[in-house]
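Welcome, and please bring your viewer along. We will go from the whole chain to single residues, one selection at a time.

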Amino acid sequence: MTEPVAGIALALVIVGLALSTFVTRTSFLIAGAKLRLGPRVEVALRYAPVCTLAAIIVPDVLIHPPGEVIDLSLLNPRLIGTLAAGLWLCWSRNILGCLGSGMAAYSLARLFL
């Protein structure tokens, strides 16, 4: 069951993924102006990038490999860095400062906690 996929099976997986990516990405281009989304759907789609980013970041910040447990304590350096970056971004709206403050807080937390 843990054998790697090889040969024709690997080629079929690659072709299938390429085809599904092509179809989903070009469907709106092919449909053009014929397909109109409703206003509620358009408003909902505005939040898709933020939801995707949150779905990627939150598990990485809160769940750690040794026991796969959620760590909400202030001894979690990833959480400290994320909170510092979020506060900086809310305060100044400067993305470079956000990255710098988040990495500085994370590094200091890793060194001293």
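A residue is called buried when its relative accessible area is under 20%, exposed when the value is over 50%, and partly exposed in between. Keep those cut-offs at hand for the stops below, and keep in mind that this is a predicted model.

**The whole chain**

Start with everything shown as a cartoon. You should find 5 helices and 2 strands, and reading from the N terminus the order is α-α-α-β-β-α-α. Turn the model along its principal axes: the C-alpha atoms fill a box of roughly 55 × 45 × 25 Å. The radius of gyration is 21 Å, whereas a compact globule of 113 residues would have one near 13 Å.

Now switch on the surface. About 9500 Å² is accessible, and 74% of that area belongs to carbon and sulfur atoms. Buried residues account for 13% of the 113 residues. Of the contacts with a separation of 6 or more, 23% join residues that are 24 or more positions apart.

**Stop 1: a nonpolar patch**

Select Val5, Leu10, Val13, Ile14 and Leu17, and colour them on the surface. Together these residues make a nonpolar patch of about 440 Å². Pick out Leu10 from the group: this residue lies in helix 1, which covers residues 8-31. Is Leu10 buried or exposed, or does it count as partly exposed? Its relative accessibility is 38%, so Leu10 counts as partly exposed.

**Stop 2: a salt bridge**

Next, show Asp60 and Arg78 as sticks. Side chains of opposite charge can pair when their charged atoms come close. Here Asp60 forms a salt bridge with Arg78, and the closest N and O atoms are 3.7 Å apart. The pair links distant parts of the chain, with Asp60 in helix 3 (residues 48-62) and Arg78 in helix 4, 18 residues apart. The salt bridge count comes to 1.

How accessible are the two partners? Asp60 has 47% relative accessibility and therefore counts as partly exposed. Arg78, with a relative accessible area of 29%, is partly exposed because that value lies between the two cut-offs.

**Stop 3: along helix 4**

Stay in helix 4 and select Leu89, which is found there. Its relative accessible area is 31%, so Leu89 is partly exposed. Leaving out residues up to four places away in sequence, Leu89 touches Asn94, Ile95 and Cys98. Try a distance label as well: from Leu89 to Leu74 it is 20 Å, C-alpha to C-alpha, for two residues 15 apart in sequence.

**Stop 4: the loop**

Move on to Arg93, in the loop between helix 4 (77-92) and helix 5. Most residues other than glycine have a negative phi, and most peptide bonds are trans. Arg93 is a residue other than glycine with a positive phi, near 60°. With a relative accessible area of 70%, Arg93 is exposed.

**Stop 5: into helix 5**

Finish at Ser101, in helix 5 (residues 95-112). What does the side chain of Ser101 reach at 3.1 Å? Draw the line to Cys98: the partner is the backbone oxygen of that residue. Ser101 has a relative accessible area of 18%, so this residue is buried. Not counting residues up to four places away in sequence, Ser101 touches Ala84, Ala85 and Trp88. Show those three with Ser101 to close the tour.

Key: Residues are numbered from 1 along each chain as its sequence is written. This is a predicted model: local features need pLDDT of at least 70, side-chain atom pairs count only at pLDDT 80 or more; totals for chains, interfaces and linings use all residues. Side-chain values use heavy atoms; hydrogens and water are left out. Patches are made of residues with over 30% relative accessible area and no salt bridge: like charges are joined within 9 Å, nonpolar side chains (Val, Leu, Ile, Met, Phe, Trp, Tyr) within 5 Å. Accessible areas come from the Shrake-Rupley method with a 1.4 Å probe; for residues, only the protein chains shown count as cover. A salt bridge is a side-chain nitrogen of Lys or Arg within 4 Å of a carboxyl oxygen of Asp or Glu. Helices (H or I, at least four residues) and strands (E, at least two) are DSSP runs, numbered from the N terminus. Buried means under 20% relative accessible area, exposed over 50%, partly exposed in between (1.4 Å probe, protein chains only). The radius of gyration is taken over C-alpha atoms; the globule rule is 2.2 Å times the number of residues to the power 0.38. Contact means heavy atoms within 4.5 Å. A polar contact is a pair of N or O atoms within 3.5 Å; within protein, one must be able to donate a hydrogen and the other to accept it, and residues adjacent in sequence count only if both atoms are side-chain atoms.
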